Amino acid sequence: MNIPASESPPTGSPDGTGPADERVPETAPVAVPETEELERLRAEVTALRAQLEGEGRRRRPRGRGIRRGVAAVLAAVAAFALVTSVVGLWAATTTLNTDRWVATVAPLPQDPKVNAAVAEYATTEVFRVLDVEQRLRAVLPEQAAFVAGPLTGQIREQVRKTVQNVLGSDRFEVIWVELNRQLHQRMVAVIEGESSVVTARQDSVQIDLLPLINQVLRQLSDQLPTLFGKQITLPDLSSGAIPENLRLRVEEALGVTLPADFATFTVYDSGQLWEVQQAVAAAKRYLALFVAGTILLLLAAFVVSPQRRRTAVQFGLWLVVAAVTITAVLRAVRREILEAVPAGVYQDGVDAAMTTVFSLLRERGAQLIVIGSAIALLAYLAGPGRFPVWLRRSVARGTAAGWRRVRAGSAVVAARGPGFIAAHLDPVRVGGLVVAVLLALVLSSWTALLVIVVLLAAYEVAVTLIARRQAEVLRTPPPALG
């Protein structure tokens, strides 16, 4: 018969019959294996944790989930609003600020693709108004009229090279800067339709390149005087001053009537640009309110959120998504603009020009992606997850171990360093000089050179004093004992 562990037989007699006071109490503890006890305790702990979590969920306010959802939505909206604000600030400080705009577009003539596109356009305009082939046929004998075509091609190449030389010259840089300054100052009036140099209509935006043509014609008059059939006199614009009656003076010098669209370069031919200009103008008017609204949205997200760390993670991730999305939209707009430009040298030139103009905006987009990633990563690593906890503990242990090693190394250097410097003073001095020379070669600015000289002087004085102090310590006799 099996006897339960809680009912052990009495110790009085082998048959279990004996005095009542000689029986073992039924509640006497019985030895349980240690592993079974641990498993039982673990099961109890797991059950208690589950019970506590269930009670916590039951006690949790119902509005907590709503607040979490509202905070997530506000974080996403704030992220997109922040990226949009950056684009608006770039537009206000770059495309709508004359000084920054001039500084942005000043290097464009030096860009090979932009130079080639403008040279091709200017050459075409010059040949259109001069009718070079017809002039050659008029002066050549009838028997030699067949060479008019090849000669026209050679002259066209010469004119194109002249335009490129003018564009890349230092004298034209002054004209280019002043031209863009005037263009940009009047660009602000485009929306009201008051600009005469830059005009914006529902289907086009145009820039007048007549100052460039004027300088090209002046140089061609010196190189190919017979091209015009007479000596022409045109104003020199190298000082940057562009006369108001420049078109009339060019017509009088050439003896022709210039077409209405002569030297008028259409930058963009689509009605959508008008809408973009209207949007930029509105953004400039309401930019401050928009930026303030973005800040309020972000603050509201953190105020409403029951878990601010989670909201920070969401905001960082949404900031990356918003930056990538706005970048994709701008690239799509850029592709649409390029599709409206004839393929070839013109499209390459416009592409290069837009790359230069939007370079700062691309940098800001990359910075937003990095900032958003950093916010999300730091907020996640500050959380209670297993990996963040393990990482923080590992970093703390590694930092403590590294600090102990640094202290130990510092103690060794403090104990042995002066003696080493005193024994090898000249090599130590030369080593400092070599390092200073290498830094001076890498950092070539005057400020960096001054800092290097000061640091080198301090280094040389320090090692000399350390060596001298160590020599004095070695010469000092130890105190007598007793």
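# Exercises on a predicted model

Helix 11 and helix 14 (386-423) are the two helices that each give at least two residues to the positive patch. The structure is a predicted model, and the exercises below work through its charges, its rings and its surface.

## Exercise 1: the positive patch

Task: State which residues gather in the patch of positive charge on the surface, and which helix supplies the largest share.

Solution.

Step 1. List the members. They are Arg 68, Arg 309, Arg 310, Arg 392, Arg 393 and Arg 397.

Step 2. Assign the shares. Helix 14 supplies three residues, the largest share of the patch.

Step 3. Place one further member. Arg 68 is in helix 2.

Step 4. Check the accessibility of this member. A patch residue must have over 30% relative accessible area. Arg 68 has 33% and counts as partly exposed.

## Exercise 2: a salt bridge inside one helix

Task: Find the partner of Arg 40 in a salt bridge, and say how the two residues are placed in their helix.

Solution.

Step 1. Recall the general idea. Side chains of opposite charge can pair when their charged atoms come close.

Step 2. Name the partner and the distance. Arg 40 pairs with Glu 44, and their closest N and O atoms are 2.6 Å apart.

Step 3. Apply the cut-off. A salt bridge needs a side-chain nitrogen of Lys or Arg within 4 Å of a carboxyl oxygen of Asp or Glu. The distance of 2.6 Å between Arg 40 and Glu 44 therefore meets the condition.

Step 4. Look at the helix. Both residues belong to helix 1 (residues 34-59), and because they are four residues apart there, about one helical turn separates them.

Step 5. Compare each residue with the accessibility classes. Arg 40 is partly exposed at 40% relative accessibility, and Glu 44 is partly exposed at 38%.

## Exercise 3: salt bridges between helices

Task: The structure holds four salt bridges. For Asp 99 and for Asp 351, give the partner and the helices that are linked.

Solution.

Step 1. Start with Asp 99. Its salt bridge is with Arg 181, with 3.0 Å between the closest N and O atoms. Asp 99 lies in helix 3 (residues 98-105) and Arg 181 in helix 7 (residues 170-187), so the pair ties together parts that are 82 residues apart in sequence.

Step 2. Classify this pair by exposure. Asp 99 is exposed, with a relative accessible area of 52%, whereas Arg 181 is partly exposed at 26%.

Step 3. Go on to Asp 351. Its side chain meets that of Arg 334 in a salt bridge of 2.2 Å, N to O. This pair links helix 12 (residues 345-357), which holds Asp 351, to helix 11, which holds Arg 334, and the two residues are 17 apart.

Step 4. Classify the second pair. Asp 351 is partly exposed at 27%, and Arg 334 is partly exposed at 21%.

## Exercise 4: an aromatic pair

Task: Decide whether the rings of Phe 80 and Trp 318 are stacked, tilted or edge-to-face.

Solution.

Step 1. Count the pairs. The structure has four aromatic pairs. In one of them, Phe 80 and Trp 318 have ring centres 6.2 Å apart and planes at 50 degrees.

Step 2. Apply the limits. Planes under 30 degrees apart count as stacked and planes over 60 as edge-to-face, so an angle of 50 degrees gives a tilted pair.

Step 3. Place the rings in the chain. Phe 80 belongs to helix 2 (residues 63-95) and Trp 318 to helix 11 (residues 308-339), so the pair joins parts 238 residues apart in sequence.

Step 4. Add the exposure. Phe 80 is partly exposed at 29%, and Trp 318 is partly exposed at 34%.

## Exercise 5: buried or exposed

Task: Are His 184, Val 370 and Leu 441 buried or exposed?

Solution.

Step 1. Set the limits. Buried means under 20% relative accessible area, and exposed means over 50%.

Step 2. Take His 184, in helix 7. At 4% it is buried. Its C-alpha atom is 8.2 Å from that of Asn 97, 87 residues away along the chain.

Step 3. Take Val 370, in helix 13 (residues 359-381). At 56% it is exposed. Val 320 is 50 residues from Val 370 in sequence, and their C-alpha atoms are 7.8 Å apart.

Step 4. Take Leu 441, in helix 15 (residues 425-442). At 65% it is exposed. Leu 441 is one of the residues in a nonpolar surface patch of about 920 Å², with Val 430 and Leu 443 also among them.

Definitions and conventions
Residues numbered from 1 in each chain as written. Predicted model: local features only at pLDDT ≥ 70, side-chain atom pairs only at ≥ 80, totals over all residues. Heavy atoms only, no water. Phe/Tyr/Trp six-rings, centres within 6.5 Å; stacked < 30°, edge-to-face > 60°. Buried < 20%, exposed > 50% of the residue type's maximum accessible area, 1.4 Å probe, protein only. Patch = residues over 30% accessible without salt bridge, like charges linked within 9 Å, V, L, I, M, F, W, Y side chains within 5 Å. Areas by Shrake-Rupley, 256 points an atom, 1.4 Å probe, with all protein chains shown as cover. Lys, Arg positive; Asp, Glu negative; His and termini not counted. Charge placed at Lys NZ, Arg CZ, Asp CG, Glu CD.
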